[in-house]
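Me: Could you walk me through this one? I'd like the terms spelled out as we go.

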Amino acid sequence: MKKLAIILAAAAFATGAFAGNITVKGSDTLVILAQKWAEVYMGQHAGIKIQVTGGGTGTGFAALQNQTTDLCNASRKAKAAEIANCIKAFNKRPTEYKVALDGLSVYVSADSPLKELTVAQVGDIFTGKIKNWKEVGGADAPITIYSRENSSGTYEFFKEHVLQGKDFAASAQTMPGTAAILQAVSKDKNGIGYGGAAYGAGAKHLAIKKTDSSPAVEPTENNVVAGKYPIWRHLFIYVNPALDKGEIAAYLNWIRSDEGQKVVKDVGYFPLPKNLRE
Amino acid sequence: MQPAPNQSNAPHGWLGIHRGHKARPLEWFAEKFIFAVALSTIAVVLLIFVFVAREAFPVVLGKSNTALIQPVIPPADLDKLSPAKIQEYLALTPKQFAGMDRETLRTLMDVKVEAANEVPVQFRDDPDAKRNTIEWNLMVKPHQWRGYDKPEYIWQPVGEIKKFNLIPLVIGTLKVTLIGLFFAVPLAVGAAIYVSQLARPRVREIVKPTIEMLSGIPSVVVGFFALLVMATFLQNLCGYQTRLNAFVAGIALGFAVIPVVFSIAEDALTSVPQAYTQAALALGSSRWQTAWQIVLPAALPGVFAATVLGFGRAIGETMIVLMVCSASVVSWNVFDSARSITTTIAAEMAEAVSGGPHYRILFLLGALLFAATFISNMIGDFVIHRFKTKMEGKR
């Protein structure tokens, strides 16, 4: 009897090790965090291999729908069309997990005298309605807009929530990543850009006012987690419900545990408040 | 399949093997193999074009619909619909439909309703929201979208109302390409004249390989250099406002084009018969006069071909332009930004839902680009071929 138990345990271990391959794909915003999670988790659980790749939120959903990835990192909510595609592929809605918070900062050059803007002003600047810094209390100089490529989840989030669905100005320069935006803004004293609050060296993060009368809020952890800073979003992981068991479920639970959320903080995003961890 | 010279009168055997041929099966195989490789190259080119065109076809035929607001059928009516109607409404293939139970279909219908509810309030009364934005009218003509003061050409493929006007990209591509050519062609042709006609052999041996080595620099490195060094330098030099613009991209592109134009032009200039030069020199003209007034005019078709091939190289270059400028403005001002077709494909393909309208339009752009480079390369090759036959007196 004891022998049998040992054999069973060994068999369970072997299959566990064999099945312990998790692929993760999706948002470029999440890729560093996901890699860090994978690294820490693999360090604690021998025999599990987690492969993380980026490519963009849409790429992740395409892979989830083709079933070439187990988990899909997303920096925005799945769109109805993407959910429909998933249902067509595996007959079920993908399960959504909130895994972290991210504040989006508006960057200007460190030389800029500007300190704060309202959300509406930021929107008007990026749609090209406000073209000169003096209109928002800066020097008399034309504004150069730096934006992301339209494949980025950050771009879509910003367009939807700050620009209220309006188009970015045609003159907005599209950069391949947040780091590129920062680099450009730090070299251009009339530049303005946006990106994760976790990034930051080389440029100034503006304080943002929700409306004209509300106080200006800095994009710090406390402000974002407390919901005071107006431009923030959830970061998500989506999974095919048929796969959400065993190793994958354990990994997802670990991500949302205190330990997993500590990694979030180390990487520079903001941990989920306890009540949002479901 | 040319017979060996010493056997030129021997009759051709079966596929080139015949008696008396010093049994060289290996050579025969090698030759056939190379022939097969050459054939397959042609096949690959054709296949690529067929693939690109096939993916773009539904757009050309107007089969995709991108309208933001689409008619919604209440999920409760599922049982009243005929299977054909359900397939059409949910865009299912017969195979997908066969594999679904009622529950799944119901969920898909719910999602359709959710999609309709996702439409932000400010778009619900927008007349363009009900419109399929992949119409040729909207793709090539200006249209006054809501929020704009006048009809404009807009490329904004991601968002609530997707705008797929191709004109900004075409203008951007041509602008950057032409700047590149204006910068590269005079330099490259000048260098070709110098190297082939005026330089001492010693100098030529250094200059020629150096220029040709330019083509060995990976374009991503050129782009990187342009992004970090040239952009700042040129801005300080010219004092324009936008740091990253079509001018910087064009100059950087020039570095990629110079070696192409240079090699072909140099080749053309060298293939002008010695008799021309010798006659001119014998009649007392200087080296400069000979080069400028005799050799260059004689080689002009070759120089033209070099320019056309340089155009083909420039229009297809991706990395340099992608790294330096990418705003889809409609403007011929060289100091404004530009977005080229190659940039658009490279930057947006990863995120486009495969099979969706955006994806198909990117393929359409790819087909356009393919056609442009194909035609320019064909013209270039044709001209240079005729020029060579003429120069070698084989008319």
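Reply: A residue is called buried if 20 or more other C-beta atoms, placed from the backbone, lie within 10 Å of its own. Helices are DSSP runs of H or I with at least four residues, strands are runs of E with at least two, and both are numbered from the N terminus. This is a predicted model, in which local features need pLDDT of at least 70 and side-chain atom pairs count only at pLDDT 80 or more, while totals for chains, interfaces and linings use all residues. Residues are numbered from 1 along each chain as its sequence is written, and chains are lettered from A in the order in which they are written.

Me: OK, is α6 of chain A covered or not covered?

Reply: Mostly covered, since seven of the nine residues in this helix, 153-161, are buried, among them Tyr155(A), Phe157(A) and Phe158(A).

Me: What do those buried residues pack against?

Reply: They pack against α3 (57-66) and the strands β3 (71-74), β4 (95-109), β6 (144-148), β8 (191-196) and β11 (232-239) of chain A.

Me: And how much of chain A is buried?

Reply: Of its 278 residues, 46% are buried, and the chain holds ten helices and eleven strands.

Me: Switching topic, how many residues of chain B are in contact with chain A?

Reply: Taking contact as C-beta atoms, placed from the backbone, within 7 Å, 36 residues of chain B meet 32 residues of chain A. On the chain B side, α4 (102-118), α5 (121-124) and α14 (341-348) each supply at least two residues, with α4(B) giving the largest share, seven residues.

Definitions and conventions:
A residue is buried if 20 or more other C-beta atoms lie within 10 Å of its own, exposed if 12 or fewer, and partly exposed in between; C-beta atoms are placed from the backbone. Two residues are in contact if their C-beta atoms, placed from the backbone, lie within 7 Å.
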